[in-house]
Amino acid sequence: MDRPPLLVFTTGRNCAAYVEDNIRSIARQTLANAHVLFVDDASDDGTDRLAQAALQRWLPGRHHFVRNPERLGKAHNASVHLRALAPGYEAVAVVDADDLLIDITVLEQLVRAYQQGEDVVWTNYLSDQGRFGENGPLNRYVPPRQQPWLSSHLFSFRAALLARVPHGHFQYPDGRWLDAACDLAIAYPMLDQTRRWRYLPVRAYCYTESNPGSHHRLAGEAQSLSSPKQRECARIVLAKRPLPRIDEPEADGLHATPAVTAPAEATASPWTAARLALAVPALLRELPASTLEALDPELLWDWWQWLDTHRGARVLALGDDAHTQALALLVKAADGEALALRGGDGPGHAPWTDVAFDTHHTRLPALDGLGGALFDAVHLAPNAWDGPRLPVVALAALAPQLRLDQPRLVFAGLHPARLDAAAAQIAALVPELPARAAGAGADALVVEACTAPAEATG
């Protein structure tokens with residue numbers, strides 16, 4: 001590499017208690033020529049003074065320091081200050097000013113991955129409160145915005161990718177700079193552009209969740225790693241138009257080596273769709289063409305086979321995706337009853353609530369409003385979660401709402417690696433509930449009792 005291999009982008013506000021340890025953790029890295037861009041976001045606790053002293057002491061000649069005259073936020077700092085400096089480097093690693101690098105070789109590992117042709121590389125993390133990160137590999141054949149958030153700290157990307165990102169991807173629709181969910185705002189435009197991703201399975205980063213100035217602490221959500229504002233901004237980020245890929249053969253790529261064309265994604269058999277429409281004609285009568293085109297007939301046929309042998313079943317749908325309305329029609333055709341419950345803060349939504357099992361935590365719509373009603377089956381859409389998609393946690397949380405003689409749960413839109421791990425966890429916990437993959441893309445996990453339902457007796 002002709003240019004310096006790596007720029008560490010560090011930014012924060014009022015991080016006086018953390019900043020020297022942060023800079024020392026970068027200086028201790030085995031990569032001797034990493035540079036740091038430190039942006040102080042108008043701190044009023046002396047962070048700027050402490051940061052400049054530490055940079056001069058531990059990274060002389062290898063840093064750039066910027067102080068904002070007013071609070072502008074991480075998204076602004078990435079889009080303006082980082083964008084100006086990044087072209088002089090091969091890659092960028094993002095380290096918040098209150099966090100630490102805890103693997104002294106991790107920057108060297110990142111550089112090695114970029115030398116091998118990757119465009120985006122990330123690791124796993126742990127928090128200063130003992131929580132373990134849920135990062136992992138992404139499926140190269142599924143758009144990143146359709147997958148779980150698995151690529152947070154330590155996140156890095158090839159510097160040239162940033163130049164292709166419009167400023168609007170770091171802003172609210174009205175042009176203000178995003179002031180929450182900035183990690184997502186930085187990561188998704190990079191992931192959009194390429195499938196040359198690599199996950200390094202090392203816990204290389206310490207996330208300081210105990211910082212009283214963090215969004216979730218300020219919102220009074222000490223048991224969560226997000227806040228209402230972060231969740232709102234995350235929805236804005238995910239709604240942005242994905243950037244075009246640069247790693248496809250016809251694109252103007254970053255590398256001289258030709259890109260490999262990905263195999264076609266799995267598709268459902270048209271015969272399955274025809275059989276489903278014949279069994280439940282209401283699908284064609286009542287759903288618009290745009291909704292029908294978004295459906296997975298293989299997943300719905302799996303549902304119909306169960307419903308047809310469990311007539312009169314009560315089904316709870318958590319979240320809202322293209323299949324929720326179709327599933328309600330299937331349940332009605334099987335003489336059953338369907339209830340939908342969506343998480344959120346608006347009218348008609350159930351508030352999000354923290355749920356946990358063992359050491360795992362996530363957030364689901366609160367079930368208090370169900371009044372103790374029991375259901376035969378539950379369908380969880382991809383947006384049923386406000387946190388990691390953890391089927392074993394949902395199973396434990398939903399157990400009080402299930403008829404436990406013949407329960408069925410379907411988790412849609414899981415990452416294949418998560419699906420396999422979840423199936424193994426559930427098999428170890430509840431051996432009588434086998435778990436299997438379903439759907440055209442094998443991205444749904446079905447958990448159900450394997451015995452046939454008992455026949456009614458007179």
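This report walks through a six-stranded sheet, its covering helix and two nonpolar cores in a predicted model.

## Ground rules

The model is predicted, with local features needing pLDDT of at least 70 and side-chain atom pairs counting only at pLDDT 80 or more, while totals for chains, interfaces and linings use all residues. Residues are numbered from 1 along each chain as its sequence is written, and side-chain values use heavy atoms, leaving out hydrogens and water.

## The sheet

Let's start with the strands. Six of them form an open sheet with mixed pairing, in the order E10-E9-E13-E14-E16-E15. Helices (H or I, at least four residues) and strands (E, at least two) are DSSP runs, numbered from the N terminus, and two strands count as paired if DSSP finds at least two bridges between them. At the edges sit E10 (337–341) and E15 (435–438), each pairing on one side only. From one strand to the next, the twist averages 20°; axes here are lines fitted to C-alpha atoms, for helices over the stretch in contact, and angles run from 0 to 180 degrees between N-to-C directions.

## Strand E14 and its partners

E14 (residues 408–411) is joined to E16 (residues 444–448) by 4 bridges, and the two run antiparallel. Across that pairing, Leu409 faces Val447 and Phe411 faces Leu445. E13 is also joined to E14 by 4 bridges, but that pair runs parallel; here Leu409 is the bridge partner of Val378.

In a regular strand, side chains alternate between the two faces of the sheet. E14 has both faces covered: Arg408 and Val410 are buried on one side, Leu409 and Phe411 on the other. Buried means under 20% relative accessible area, exposed over 50%, partly exposed in between (1.4 Å probe, protein chains only).

## The helix across the sheet

Helix H13 (residues 391–398) lies across E9 (314–318), E13 (377–380), E14 and E16, at about 145° to E14. Together, E13, H13 and E14 make a right-handed β-α-β unit (with the strands pointing away from the viewer, the path from the first strand over the helix to the second runs clockwise).

## Two cores

A nonpolar core is a set of buried Ala, Val, Leu, Ile, Met, Phe, Trp, Tyr and Cys residues joined through side-chain atoms within 4.5 Å. The largest has 42 residues, of which Phe9, Leu82, Val120, Phe157 and Leu191 touch the most other members. Helix H5 (residues 182–192) gives the most to this core, with 8 residues. A second, separate core of 33 residues includes Ala384, Ala394, Leu395 and Leu414.

Methods
Contact = heavy atoms within 4.5 Å.
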